Amino acid sequence: MKKLNRLPEAELTVMRAVWRLEPPVPTGAIRARLEKERPWNLSALQTLLAQRGFLSVGREGRQNVYTPLVDEGEYLAFENAPFLEGRGLPGLVAALYDSRSVSREELAELRAFLDEAMGKEGDV
């Protein structure tokens, strides 16, 4: 795993948009995804993300396109590692539920995922 640095909220918001779109992602698609939140200086944020090793930049015609160099799961694992070390996964899930960051439906999805993972583990 490459060395990662924690992203400021604005840059993380841009990365979340990129992760949810099919790469390579043109600037216009990122802007369209984010325009409801607030006006963005995307060129500055994308430049920073490229410099930090999160995005590669290419050209398609007259516009820049971006491809993520860091997987969303990899980044989330990096960002959550300190919390997991202190409280473990059950503590993380409990904190998310208590803060209303996770719904009952999402917990049901987590249960289904864990049931499937445990079933696969038993097959090994």
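This report covers one helix, one small sheet and one buried glutamate in a predicted model.

**Helix α1**

Helix α1 spans residues 9–19 and is mostly covered. Of its 11 residues, 8 are buried. Near the start of that list come Glu11, Leu12, Thr13, Val14 and Met15. Ala17, Val18 and Trp19 complete the buried set. An α-helix has 3.6 residues a turn, so residues three or four places apart point the same way.

**Glu11**

Glu11 belongs to helix α1. Its relative accessibility is 5%. Buried means under 20%, so Glu11 qualifies. Which side chain does the side chain of Glu11 meet in a polar contact? The partner is the side chain of Arg52, at 3.3 Å. Arg52 also appears among the contacts of Glu11 when neighbours within four places in sequence are left aside. Leu45, Leu48 and Leu49 are the other residues on that list.

**The sheet**

The sheet is open and has 3 strands. Their order is β1-β3-β2, with antiparallel pairing. β1 and β2 stand at the edges. Each has a single partner strand, so one side of each is left without a neighbour in the sheet. Strands β2 and β3 are joined by 6 bridges. Within this part of the sheet, Leu55 stands opposite Pro68 in β3.

The elements and their residue ranges are set out below.

| Element | Residues |
|---|---|
| Helix α1 | residues 9–19 |
| Strand β1 | residues 25–26 |
| Strand β2 | residues 55–60 |
| Strand β3 | residues 63–68 |

Terms used. Residues numbered from 1 in each chain as written. Predicted model: local features only at pLDDT ≥ 70, side-chain atom pairs only at ≥ 80, totals over all residues. Heavy atoms only, no water. Buried < 20%, exposed > 50% of the residue type's maximum accessible area, 1.4 Å probe, protein only. Helix = DSSP H or I, 4+ residues; strand = E, 2+ residues; numbered from the N terminus. Pairing = 2+ DSSP bridges. Polar contact = N/O pair within 3.5 Å; in protein donor to acceptor, adjacent residues only side chain to side chain. Contact = heavy atoms within 4.5 Å.
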